[in-house]
Structures are given as C-alpha cells and as structure tokens.
Amino acid sequence: MYIRKILVICIVLCASVFGVFAMSADDIIEKAIQNSVAIKTLELDRENSIISRKIDDVEEGVSVTVSSGNVTFRKESEVTPFFTMGPSLEVALPQKDDTTVSFKLENNSSFSTDGEYMTSLTPSANYKQIINLDSFKDTRKDVTKKMAQIREDMSYQRSLLQFRTTVLQDVLSILKSQSSILDQEVNYKRLVSDYDTAIASGDITKEGLKDLQARMKIENARVTLESAKAKLETALKQFKDNYGFDFEAPDSVRSAELSFEENKGGNTAVLLAELNLSLANQEVEIATGTTNKLQLGAAAGVPVTWAKDSGTDSSMYANLSGTIVGSNYSVGASANLSYDFADNFDPSITIVGTWHNKTTATTDDLNLQTLKNKVILAQIDYDDAVSEYKNGCASLRTSIGDYITELEQFEVSADYDQKILERVKEMYSLGLVTERDLEDAQNVVNADEIKRTTLAINALIIENNIAINQL
C-alpha cells in the first residue's frame, strides 16, 4: 500500500511538471518555426529583398566632385611657364526622372619664375531635362518593379504557410501511428490471452493444426506491432531532427477559422497575370505609338581672367537649347549669347535637323505581330488564373463542407460512445459484463479523444489552405 501511494504521488508530480511545459498545436508550430534553418533562411532572403527595394527607392543625394586638374612642372624657357594647374569643383543636385542640375567652378592658372602669371576663374551652371512626348504613358518599369515585390511577398507567405501545414501533418502522422500502436497492442495481448485460455481449457491441442494457426496469428501480430513501433521511433527521431525538439502531443487545438469570402479581384496570382497582361499591351503601344522626346538644356557662366600686365578681363555667356528626337529624325534649335562687359554683345541662333529612312520596316512589322501574340497569350494566362482561383474556392468549400459533415457525425458517435461507457461501467459493477467489455468501451472513448484532436488539426490544415488560396 505504501509503495502504491509513492507511485501515485510520483505520477501526480510528473503530470504537474509536464503540464507546465505542455504545448498547444500553435505552440508546436511556433517552436518549429523558431528552430527551423529553412525559415531563418527564408527570413534573411526576404530581409535582403526589402533592403534591395529600399536601395532602389532612395533618391540620389547631392554629388560633390573635386578635381585637381592637371598640375604640371616644366623646365623654364621663354615660351613655357614653369608651373600650371587647373583645379575644379562640381556640385550636382539630386536627380529626379530625366532632369539634371549642376554647378561648376573651374580655375586655370599658370605661373613663371620671372613673375609672369595668368589666372582664370569660371563659375557656371547647367540644366538639362528630357520630356517624354510619347502618345502613351510608359509605366513598364513601375509595373515590373511592383510585380517583383508581389512575387517576393507571395513566395514568403506561401512558404511560411506550407511550413506550418507540414508541421501539422507530421504531428497528425505521429498521433495516428501512436493510436494505431495502442490498438495493435490490445489486439496482440488479447490474442495471447485467448491462446493461453484455449490451451488451458483444452480447446487447442499443443502442436495441433489449430495450435499452429493460433501461434502464427500471434507471431504475425507481434511482428506487425514491432514494425509499427520501429516506424514510430524513426518518425519521432525525424521530427526532432527537423524541428529541434522532442515530439509531444498537443494538449489543446484551437478552433480553426473555416469561413472565407471569394475576392472579386481574385488572389495574387490573378493580380500578377493582370499586370503581365498590362505589360504586354504596353509593349504593343510602344511599338505602334510615337516615340518623340523633347530635350531641353540651358547653361550659363562668367569667366574672369587676371594677368600681370593686362589686369582683369571678364565676360559672360549663356545658351538655351531644345531638340525633338524621334525614331528616325531630330530637329533642334539653340540660342547663344556672349557679353564681354565692354559693350560687345554677341547673340546667335543655330538650327539643326536630321532624317534617315527606316531600314527595319519589315522586321518591325514581324516584331509587332509577335508582341500582339504575346498579348493573346497573356490574356489566356489571366483567364486561366481567374478560373484556377474560382476552382480553388469551390474545392475549399467542398473540403469545408465534408469536414463539417464528418465532425458532426463524429460528435454524434462520440456522444453515444461515452453514454455506452457509462452504461457498461454500471453493468460491470453489477457483474453483468466482463472486464474485457469494460476495457473495449474505454478504448473506444480513448480513440474518440485522439480522433477529436486529429479532426481539429485537419481543420487547421484546411485553414492554411484557405490562406494560401487567398494570397
């Protein structure tokens, strides 16, 4: 009696300790995610992609360039200075689209050992802008960038959901193996018990035909049981290798969210197909539309020169230019102005134009037909994506309906199994049924508890499938 009390206390203590560390199904998934090298790699890849996108989105800062120019030392002669230099400083403001603004300060100086010198300082400013005059709006770069981001995000979310599903499937597989082993152990023990009873009662004669058949059946049950245990050990080891901790049956499984509404716009796959169709249409527009650009430019500077015998000499210059560039022509004009502060005003206007015939007309027509075919293919891909999404939604509704039906049927059956167990307990206390009958009823209820857990895990898997379909 004393030993029995000690055992009971130990069992209670163990139960309390393991209860502290018991994990729900979601806890098991989260722990597996934390320990997974594959998920860590996935997280790092995603972080690198986000950083790359941020780098692409960062506007260029102010650029400053300082140059020493050519610094030359030469042997003195009558015509060659002893020392020359030409340092410069250039500042370019942040560029946006096709616009460039820069400021520059240049210096050219020469000095001789006999005291002769000449220095010029030229501050200048430049402006350049390219204006797109196309008959269409080219957003291919933005669309391509958006598609890449969507693909990266979808791939990350899908991989994470698939990993969660894999963990649940592994848990489910082990639970089913454990349940199967319990059934096989009961079957094996009963075969042995029935055999011993039959031998003792004389129903089976040693070394007779029935004896050999009974022993063969027992041996087959033992081999099957040992094989199942070996497979379970392998599965448990693989679980630890994959997720970094020993398997423990979940102590609870939350209720899954199995309701969803079909998105009018479809999922991400539909969106990507739609964007790809947009790209294909833009390619046709680019091939058939005008491709004119207006290039505007302006520059201004004020050179100032100092010389030993000539004093100071200064002037200014400015120019404006505009050029329209097409696929096989360009027309441009520029206005130039110089003024030397001695009332010498020198304006000028220059006009330039070029044209050349298109030698690739036939090739262009064939390329255009190829692009139009790509539009048709992109439209087919889009229609397929929409159809696949709708079929996926229909399949999920069927899976949800089947699951709900199975769950309802199970709950009805489990309720009756519990009632039967209570009735068998009463009958056993009155001596109306055998211990085996009581054991059978209890095993059915125990199996129902495992079945309830596996059904709840299956619901979580369906929940993940819904999330994947809705991505």
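# Close-up views of a predicted model

**View 1. S120 and its contacts.**
S120 touches E106, N107, N108, V304 and T305, leaving out residues up to four places away in sequence. Keep in mind as you look around that this is a predicted model. S120 itself is part of strand 6, which covers residues 117-132. Is S120 buried or exposed? Its relative accessible area is 17%, and anything under 20% counts as buried, so S120 is buried.

**View 2. The chain as a whole.**
Zoom out for a moment before the next close-up. The secondary structure adds up to eight helices and 12 strands. Of the 471 residues in the chain, 26% are buried. Now take the contacts in the chain with a separation of 6 or more: 68% of them are between residues 24 or more positions apart.

**View 3. Helix 3 against helix 4.**
Here you have helix 3 (residues 37-57) and helix 4 (residues 140-201) packed together. Two packed helices are described by the angle between their axes and the distance between the axes. For helix 3 and helix 4, the angle is about 165 degrees and the axes are 11 Å apart. Angles over 145 degrees count as roughly antiparallel, so that is the word for how helix 3 and helix 4 run relative to each other. Their crossing is left-handed. On the helix 3 side, the contact is made by I39, L42, E43, R46, S49, R53, D56 and D57. Helix 4 brings K145, Q149, E152, D153, Y156, S159, L160 and F163 to the contact. Sort these contact residues by class and you get five nonpolar, three polar and eight charged.

**View 4. Helix 4 against helix 6.**
Stay with helix 4, but swap the partner for helix 6 (residues 268-288). The axes of helix 4 and helix 6 come within 10 Å and cross at roughly 160 degrees. That makes helix 4 and helix 6 roughly antiparallel to each other. Helix 4 passes helix 6 in a left-handed crossing. Which residues of helix 4 take part in this meeting? They are R140, V143, T144, K146, M147, I150, R151 and M154. Facing them from helix 6 are T268, A269, L271, L272, L275, N276, L279, Q282, E283 and I286. By class, this contact has 10 nonpolar, four polar and four charged residues.

**View 5. Helix 4 against helix 5.**
Helix 5 is another packing partner of helix 4. The angle between helix 4 and helix 5 is about 155 degrees, and their axes are 9 Å apart. Once again the pair counts as roughly antiparallel. The crossing of helix 4 and helix 5 is left-handed. The contact residues here divide into 20 nonpolar, six polar and seven charged.

**View 6. Helix 5 from end to end.**
You can check the length of helix 5 (residues 209-243) with a bit of arithmetic. At 1.5 Å a residue, its 35 residues should span 51 Å. The C-alpha atoms at its ends are 51 Å apart, so the two values agree. Now look for the buried residues: D211, A214, I218, A221, L225, A228, L232, F239 and Y243. What do the buried residues of helix 5 pack against? They pack against helix 2 (25-35) and helix 4. After helix 5 comes G244, which has a positive phi, near 85 degrees.

**View 7. D246 in a loop.**
Move along to D246, which sits in the loop between helix 5 and helix 6. Its relative accessibility is 51%, and over 50% counts as exposed, so D246 is exposed. Setting aside neighbours within four places in sequence, D246 is in contact with F239 and K240. F239 is one of the buried residues of helix 5. D246 is also 7.3 Å from L236, C-alpha to C-alpha, with their positions 10 residues apart in sequence counted as separation.

**View 8. I468 and its contacts.**
I468 belongs to helix 8 (residues 435-470). With a relative accessible area of 13%, I468 is buried. How many residues apart in sequence are I468 and L161? They are 307 residues apart in sequence, yet 6.9 Å apart in space, C-alpha to C-alpha. Not counting residues up to four places away in sequence, I468 touches R158, L161 and Q162.

Notes
Residues are numbered from 1 along each chain as its sequence is written. This is a predicted model: local features need pLDDT of at least 70, side-chain atom pairs count only at pLDDT 80 or more; totals for chains, interfaces and linings use all residues. Side-chain values use heavy atoms; hydrogens and water are left out. Axes are lines fitted to C-alpha atoms, for helices over the stretch in contact, and angles run from 0 to 180 degrees between N-to-C directions. Helices (H or I, at least four residues) and strands (E, at least two) are DSSP runs, numbered from the N terminus. Angles under 35 degrees count as roughly parallel, over 145 as roughly antiparallel, 65 to 115 as roughly perpendicular and the rest as oblique. A crossing is left-handed if the near helix is turned anticlockwise from the far one by less than a right angle, and right-handed if clockwise. Contact means heavy atoms within 4.5 Å. Ala, Val, Leu, Ile, Met, Phe, Trp, Tyr, Cys and Pro count as nonpolar, Asp, Glu, Lys and Arg as charged, and the others, Gly among them, as polar. The expected span of a helix is 1.5 Å times one less than its number of residues. Buried means under 20% relative accessible area, exposed over 50%, partly exposed in between (1.4 Å probe, protein chains only).
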